[in-house]
Amino acid sequence: MPGVTYEDAPPLADLMPWSVAPLRPGRAWPTAPDPASLRARWTALLAAEGPEREALFEPTRSRTVHSAVAQLPGRSTGTERLARASGPCPEPVRVLAAPFDERWLIPDHRLLDLARPELWRVADERQVFVVEAGTGLLATSLPPTLAAGRVRPLYRRPGGAEPNLAPGLLDELAARLGSRPTAADVLAWTLAAVQADLTVPLTGDPEVWARGVATGRRALWLMLRDGERPKLPGGRRPYVRAPLPPYPRTLRYDTDEETLFLDEGRVSPVPRAAWEHEVAGVRTLEAWFTARTTPGTPGTLAAIGPRTWPQSWTSELLELITVLTLLAELPESVPVSDPLTATALRTAGVLPPAPPTRRPASVLDHQEEGPEGQFALL
């Protein structure tokens, strides 16, 4: 929620020192808005042989059907070279593929140019990934595969262990606020107070802190969408007012009627704030729709997809409209009094964070399978 610029606010890069570059699949077909398409694509790949299989795979300098790579951490996929692979499709997993756009991915290291195994090692039900997206932040509990900025896990180890925060930060905040915040509190404050330059003004005022954390927790809940489904106040909720065609191809919005048109299908009410919601200059609803209606190149695996618009997509669209509307109602920024500046944190020895905190945790308590069934050394 970018707002007023505060001088000497500490950079997010120092407050959450460990970050990972975004995952780079290298090919589009292992990701899809529905899992059935991924299984069909995998079947088509393995039905082909020799040069045809390699062409369908879409080789790059990083990956071919002859590449030998380890399993993704936490995934029980095959490790034989794809040129001679067989068997069913690895179970697709939900990922954040674009801002507010959850899709499915075949979690197979052999299909991904840069899979970022260090992220998969710490992905579990306790983890939250903070993603730099333009001048703001996104948060997700899913593995993030979107082409954005750095990814900063909230925890450096599985099970919510070892917060990815500058050592001493929680102690310094506790001394200023009179009570010790949790790592989740710091994340909530960060979402509420982050500036366009990705600095995060901090405060020593307990009341200001509490208001910012409450706002950030609301934003976090809407982004993660865990548990109870969000609802608009006053009983308003978007409905399908006119049936969608078998597969809509155009999207437009009528401001006066607060109506979203998918060809001749109609969804309303759709508040203007939801339609105008943008991330990095791209309208969220338009990008979400385009990802589901742009056909893949004929003859490629990406061309394999549903022939009709699934009902699940309509449900996802209605929920997305609700989420974007509620996010727009949150304050754009948190006014900060009694600031805790970067200079003060340096004086207290909190900043700069020690170099090891910028690297992933090096010791884990499980083995990982390497290429051709061998165990990988960590």
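## An enclosed strand and its hairpin

Five of the five residues of strand 5 (residues 136–140) are buried, so the rest of the structure largely encloses this strand. This is a predicted model. Both faces of strand 5 are covered. G136, L138 and T140 are buried on one side. L137 and A139 are buried on the other.

Strand 5 has a partner in strand 4 (residues 129–133). The two run antiparallel and are joined by five bridges. Within this pairing, L138 of strand 5 stands opposite V131. Strands 4 and 5 form a hairpin, with two residues between them. G134 lies in the turn and has a positive phi of about 70 degrees.

## A three-strand sheet

Three strands make up an open sheet in the order 1-3-2, with antiparallel pairing. Its edges are strand 1 (31–32) and strand 2 (93–98), each of which pairs on one side only.

Strand 2 pairs with strand 3 (residues 101–105) over five bridges, in the antiparallel sense. One residue pair shows the register: V95 has R103 in strand 3 as its bridge partner.

## Nonpolar cores

In soluble globular proteins, nonpolar side chains tend to be buried together. Here the largest nonpolar core has 79 residues. Which of them touch the most other members? They are F100, L169, W189, L260 and L262. Setting aside residues up to four places away in sequence, L169 touches L15, V186, L202, L345 and V350. Another core lies apart from the largest one. That core has 25 residues, among them W42, V93, L105 and L301.

V350, one of the residues touched by L169, sits in the loop between helix 11 (342–347) and strand 17 (368–369). V350 has a relative accessible area of 5%, so this loop residue is buried. Beyond its neighbours within four places in sequence, V350 is in contact with A166, P167, G168, L169, E172 and L345. V350 and G159 are 191 residues apart in sequence. Their C-alpha atoms are 25 Å apart in space.

## Stacked aromatic pairs

A pair of aromatic rings is described by the distance of the centres and the angle of the planes. The structure holds eight aromatic pairs. Take W189 and W209: their ring centres are 5.0 Å apart and their planes are at 20 degrees, so the pair is stacked. This pair links distant parts of the chain, 20 residues apart. W189 belongs to helix 6 (residues 183–193) and W209 to helix 7 (residues 206–224). Are these two tryptophans buried or exposed? W189 is buried, at a relative accessible area of 0%. W209 also counts as buried, at 8% relative accessibility.

Y253 and W275 are also stacked, because their ring centres lie 5.3 Å apart and their planes are at 15 degrees. This pair too links distant parts of the chain. Y253 is in strand 11 (residues 251–254), W275 is in helix 8 (residues 272–276), and 22 residues separate them. Both Y253 and W275 are buried.

## An aromatic cluster and charges over rings

Ring pairs link Y247, W288, F289, W309 and W313 into a cluster. Two arginines sit over rings of this cluster. The charged end of R249 sits over the ring of Y247, 4.3 Å from its centre. R292 lies over the face of W313, at 5.9 Å from the ring centre.

W288, F289 and R292 also appear among the buried residues of helix 9 (residues 284–293). The others named there are T284, L285 and T293. Together the six cover an arc of only 155 degrees around the axis, so they lie on the same side of helix 9.

## A partly exposed arginine

R39 is located in helix 2 (residues 35–47). Its relative accessibility is 34%, so R39 counts as partly exposed. The contacts of R39 are C89, E91 and P92, leaving out residues up to four places away in sequence. R39 and D205 are 166 residues apart along the chain. Their C-alpha atoms are separated by 53 Å.

Key: Residues numbered from 1 in each chain as written. Predicted model: local features only at pLDDT ≥ 70, side-chain atom pairs only at ≥ 80, totals over all residues. Heavy atoms only, no water. Buried < 20%, exposed > 50% of the residue type's maximum accessible area, 1.4 Å probe, protein only. Helix = DSSP H or I, 4+ residues; strand = E, 2+ residues; numbered from the N terminus. Pairing = 2+ DSSP bridges. Contact = heavy atoms within 4.5 Å. Phe/Tyr/Trp six-rings, centres within 6.5 Å; stacked < 30°, edge-to-face > 60°. Lys NZ or Arg CZ within 6 Å of the ring centre and 35° of its normal. Core = buried A, V, L, I, M, F, W, Y, C linked by side-chain atoms within 4.5 Å. Arc of directions from axis to C-beta.
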